[in-house]
Amino acid sequence: MSPYQPSADWQYEVPTSGSKRLPPAARYVESLTHQGYGFEAAVADLVDNSIDAGARNVVVSFLRDDQRLVGLLVVDDGSGMNDEALDTAMTVGGRQEYGDSALGHFGAGLKAASLSHADSLTVISRTKRSPSTGRRWLTASARADFTCDIVDPRYCQALVDRYDGLIEWHGTIVRWDRVRAFETITTGQADRFLNDAIEKLETHLGLHLHRFLARDDFNVDIVVEDVTTREELDHRGVEPIDPFGYRISGRPGYPRTYTAPVEGVGEVALNAHIWQPKSPLVSFRGIGPLAERQGFYIYRNDRLVQAGGWNNTRSPEGHLALARIAVDLPAEKNDVFSLTVKKDGVSVTPAFARGLEQATDGAGNEFAAYVQEAVATYREAARRATEPQRKAVLPAGKGLDPRLKRTLRDELPELEGEDPITFRWDSLPSDVFFDLDREERVVKLNKEYRQVFNGGRRGGLNDAPVVKSMLYLMVNEIFQKERVRATHLDNIALWNSVLVTAARCELAR
């Protein structure tokens, strides 16, 4: 290296005189706990890892005992990891190679997502050719000197065996303990917290992973497990929420694909949609404020990484509420599109805005015309006569199949801030088909007649969807009343008489 010669001219290259290694301070781990990960986004990042591992089934399990929530697991049947791969996955800043189609990007998601919410992160995994192995990060130890614990192999195998219905020959378990949000729950509030948390998580996963969930070979379930009895207290299959899943387009000729020439990337396809005005569907109204859900829906390897927003190409406004555009990020690395670490947004350079100005469809129509047609569709609907409004109902809760709850939310507006109506089988007199606990908002069904609806099969939490959905519609108004009038009591008696007779007829057959 030639010695530095001072010069009055500008130095285009900064001169150096050697180098030294500066490893990160252990306190770097503390920065991982302040990444701003929302709870749903953090869990979604763990599910991304399961998808990259080739999992067909993923279970998110909330663990509780009688009084409190004690932890969370994400269990999958992916390819798993051996000791070496697990060490890499648990290393802060560990070097990991990702394939072109992988959802992982920066190599920080497992640690940052987990330590943002839990003070203890354990990962246990096994492959077809290697035994169960495990590592644990405690934030206190990590902050001190990057010490990562090796989990006892006997416990690793015991935990894998506990979930042998899912993990057969290979898979991974991510375990969160000392979850900070769980420790803030006061006595008696666990059920309310769980219901809200699961609803939000179900919506987030259903939206951001909707392309994967629409496939026949991939499933995500959310369960609540009693760690003492091992009883499954709740079980919901996550359904895809397609942000373009309308039944009929809001305007003839749409969706329409525009092509934008973006400098540094090439041609970028813009799949432009116009929603039906005033749609009640969850995929339109149930994924957040409409002002935030208009604009670009950006996908990376089929994973939704931005759900709305105009990326500084225009400002959101009410008249654009029906405009949504699907964009798939190019596979090749480029300097125009930059994904955030949390995979919740994309930054773009001005090259994208210039590309939009030149975007056209196959017939030569400009992208700007699409924006005007979306505005026109909204305004035309506003001038039309008000459509019939369905009466708001209490939300549907436990005991109803998730697909049924999704349809009910699509078809009926829900009363905000109200506890849901739940269903359970119970011991009741033979002449009573159902009873109402108005204080707890529970519909009790006579378990004597349960076999009528299950065809000899063992009943599950969400069985008998037809009779439960009919009862939900029939009794919803009664639950909303402050006082039950004689006419309501007479209706309940009538319905019980008819349903008991119908059930006995079915048993006699």
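Which residue meets the side chain of R154 in a salt bridge? The partner is D152, with N and O 2.9 Å apart. Keep in mind that this is a predicted model.

## Salt bridges

Let's stay with that opening pair for a moment. R154 is out in the open, with a relative accessible area of 69%, so it counts as exposed. D152 comes in at 32%, which makes it partly exposed.

R154 and D152 make one of the salt bridges here, and the count for the structure comes to 32. Another one joins D65 to R68, where the closest N and O atoms are 3.5 Å apart. D65 has a relative accessible area of 18%, and since buried means under 20%, D65 falls on the buried side of the cut-off.

## A charged network

Next up are E199 and R236, whose side chains meet in a salt bridge at 3.2 Å, N to O. This pair links distant parts of the chain: E199 belongs to helix α7, R236 to strand β8 (residues 232-237), and their positions lie 37 residues apart in the numbering. R236 is a buried arginine, at 1% relative accessible area.

E199 and R236 also have company. Salt bridges link them into a network with E202, D234, R406, R409 and E414.

## Strands around β13

Now for some sheet. Strand β13 covers residues 323-328, and five of its six residues are buried, so the rest of the structure largely encloses it. On the antiparallel side, β13 pairs with strand β10 (residues 266-274) over four bridges. If you want a spot to look at in that pairing, A272 stands opposite I325 of β13.

β13 also pairs with strand β11 (residues 295-300), and here the two run parallel, joined by five bridges. Y299 has D328 of β13 as its bridge partner.

## The β11 and β12 hairpin

β11 has another partner in β12, with four bridges in the antiparallel sense. One match to look for is Y297, whose bridge partner in β12 is A307. Strand β12 itself (residues 303-307) is mostly covered, with five of its five residues buried.

What is the sign of phi at N301 in the hairpin of β11 and β12? N301 takes a positive phi, near 50°, and the hairpin has two residues between its strands.

While you're looking at strands, one reminder is handy: in a regular strand, side chains alternate between the two faces of the sheet.

## Aromatic pairs

There are 19 aromatic pairs in the structure. Take F62 and F182: their ring centres are 6.2 Å apart and their planes sit at 40°, so this pair counts as tilted. F62 is in strand β1 (residues 57-64), while F182 is in the loop between β6 (171-179) and α7 (190-208), so the contact ties together parts that are 120 residues apart in sequence. Both F62 and F182 are buried.

F337 and F352 make an edge-to-face pair, at 5.4 Å centre to centre with 65° between the planes. Again the pair links distant parts of the chain, with F337 in strand β14 (residues 337-339) and F352 in helix α11 (residues 350-358), 15 residues apart. How buried are they? F337 has a relative accessible area of 9%, so it is buried, and F352 is buried as well, at 1%.

## A cluster, and charges over rings

F62 and F182 turn up again in an aromatic cluster, which they form together with F39, W176 and F193.

Rings also host charged groups in this model. The charged end of R256 sits over the ring of Y254, 4.3 Å from its centre. The ring of W310 has the charged end of R314 over it, 5.7 Å from the ring centre.

## A nonpolar patch on the surface

Let's finish on the outside. Which residues make the nonpolar surface patch of about 260 Å²? They are V466, M470 and M474.

V466 lies in helix α15, which takes in residues 465-480. The relative accessibility of V466 is 56%, so this valine counts as exposed.

Terms used. Residues are numbered from 1 along each chain as its sequence is written. This is a predicted model: local features need pLDDT of at least 70, side-chain atom pairs count only at pLDDT 80 or more; totals for chains, interfaces and linings use all residues. Side-chain values use heavy atoms; hydrogens and water are left out. Patches are made of residues with over 30% relative accessible area and no salt bridge: like charges are joined within 9 Å, nonpolar side chains (Val, Leu, Ile, Met, Phe, Trp, Tyr) within 5 Å. Accessible areas come from the Shrake-Rupley method with a 1.4 Å probe; for residues, only the protein chains shown count as cover. A salt bridge is a side-chain nitrogen of Lys or Arg within 4 Å of a carboxyl oxygen of Asp or Glu. Buried means under 20% relative accessible area, exposed over 50%, partly exposed in between (1.4 Å probe, protein chains only). Two strands pair if DSSP finds at least two bridges between them. Rings of Phe, Tyr and Trp (its six-membered ring) pair if their centres lie within 6.5 Å; planes under 30 degrees apart count as stacked, over 60 as edge-to-face and the rest as tilted. A charge sits over a ring if NZ of Lys or CZ of Arg is within 6 Å of the ring centre and within 35 degrees of the ring normal.
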